[in-house]
Amino acid sequence: MNSKNKTLRIAIQKSGRLSEQTLELLQSIGLKFNGYKNRLMVQARNFDVELLLIRDDDIPEYVQDGVCELGFVGANVTLERKADVKVLRNLDYGICRLSLAVPKDSGITKAEDLSGKRIATSYPNLTKQYFEEKGLSVDTVYINGAVEVTPTLGVADVISDLVSTGGTLKANGLEELVSILHSECQLIQTNRSVSPEKQELIDKFLTRMEGSQQADRSRYIMMNAPTQAVDKICEIIPSLNSPTVLPLADDNMVAIHSVIPIEEFWEVMEQLKEAGATGIVILPIENMIV
Ligand code: ATP
Ligand code: ZN
């Protein structure tokens, strides 16, 4: 257990696909660190937080055992390790899938064709579970890395591996057969008890993350519009609060400001133009407390 009573300990991947975006996320919620390169532990300068920089495979156990209260790690690792932790947030990066892939021209077209085959994987638990649920019996071969070359080497017939674009599979003469798990980076919390001081820090941390994630999903929109079009325009804008309407030097015109969800951006833009809005400006938002 993390014996330090006040400092919140967070495990992140030391060096790999999740490292950069995790550090960016921590910095975007205001945490400042000095020289985290080549170090195992780093203290934040301005928040009672300490980062533990380790291999992603070790993160679920460290969080499960309470060595760290929080961790940033792919769902694929937490599920493979069957770690007893709480998932607090899905983070929308490190997106990939665990997929079965077969050599091109193998004639295999569905999972049922794999009965009795040898499957190389770094994810034996998730792979076995998939086949057990289908009632199929396969032979899994555990390989730690470079799983995609095993069919060429004759070590396995099929692989079960992480895929994002599919480029690595293609380069190795493989094609994706079926995806067995969607994964993304998650924030996980220990199920061990945490002191009230640390729980307060966790809550503060989550509020900041919420603000940052909401800001990423939103845009600030500004435009000018004829005064008589204000009601129509306010109806079009899908904002949480009513838009701000400001007078302009020209009595017949007003400026309208609001915050909109990014996914509605294009549709809203077109409708606003049709309703008479001009000079529409869209800005990214640094942070937001709703
Ligand atoms: P470590 O040295 O920390 O053990 P690693 O080699 O196991 O690193 P990375 O390749 O850096 O791990 O991948 C870390 C995580 O990134 C994966 O567990 C997964 O959640 C996610 N990820 C996203 N896309 C991919 C992909 N195409 N291949 C592998 N992992 C991916
Ligand atoms: Zn790893």
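**Exercise 1. Find which side chain lies 2.9 Å from an oxygen atom of ligand 1 in this predicted model, and then trace the other polar contacts listed here.**

Step 1. The side chain is that of Asp 56, where an N or O atom is 2.9 Å from an oxygen atom of ligand 1; a polar contact here is a pair of N or O atoms within 3.5 Å.

Step 2. An oxygen atom of ligand 1 also lies 2.8 Å from a polar backbone atom of Arg 17, while a nitrogen atom of ligand 1 is 2.8 Å from an N or O atom in the side chain of Ser 164.

Step 3. The protein buries 77% of the 630 Å² that ligand 1 exposes when taken alone (accessible areas by the Shrake-Rupley method with a 1.4 Å probe).

The model is predicted, with local features needing pLDDT of at least 70 and side-chain atom pairs counting only at pLDDT 80 or more, whereas totals for chains, interfaces and linings use all residues. Residues are numbered from 1 along each chain as its sequence is written, ligands are numbered from 1 in the order in which they are written, and side-chain values use heavy atoms, without hydrogens and water.

**Exercise 2. Describe the shell around ligand 1 by class and by domain.**

Step 1. Ligand 1 is surrounded by 15 residues, and the closest are Gln 13, Arg 17, Asp 57, Asn 76 and Ser 164 (near means a heavy atom within 4 Å).

Step 2. By class, the shell has 5 nonpolar, 6 polar and 4 charged residues.

Step 3. Domain 1 (2–93 + 185–194) and domain 2 (96–183) each supply at least three residues of the shell, the bounds coming from an automatic or database domain assignment.

Conventions:
Polar contact = N/O pair within 3.5 Å; in protein donor to acceptor, adjacent residues only side chain to side chain. Nonpolar A, V, L, I, M, F, W, Y, C, P; charged D, E, K, R; others polar.
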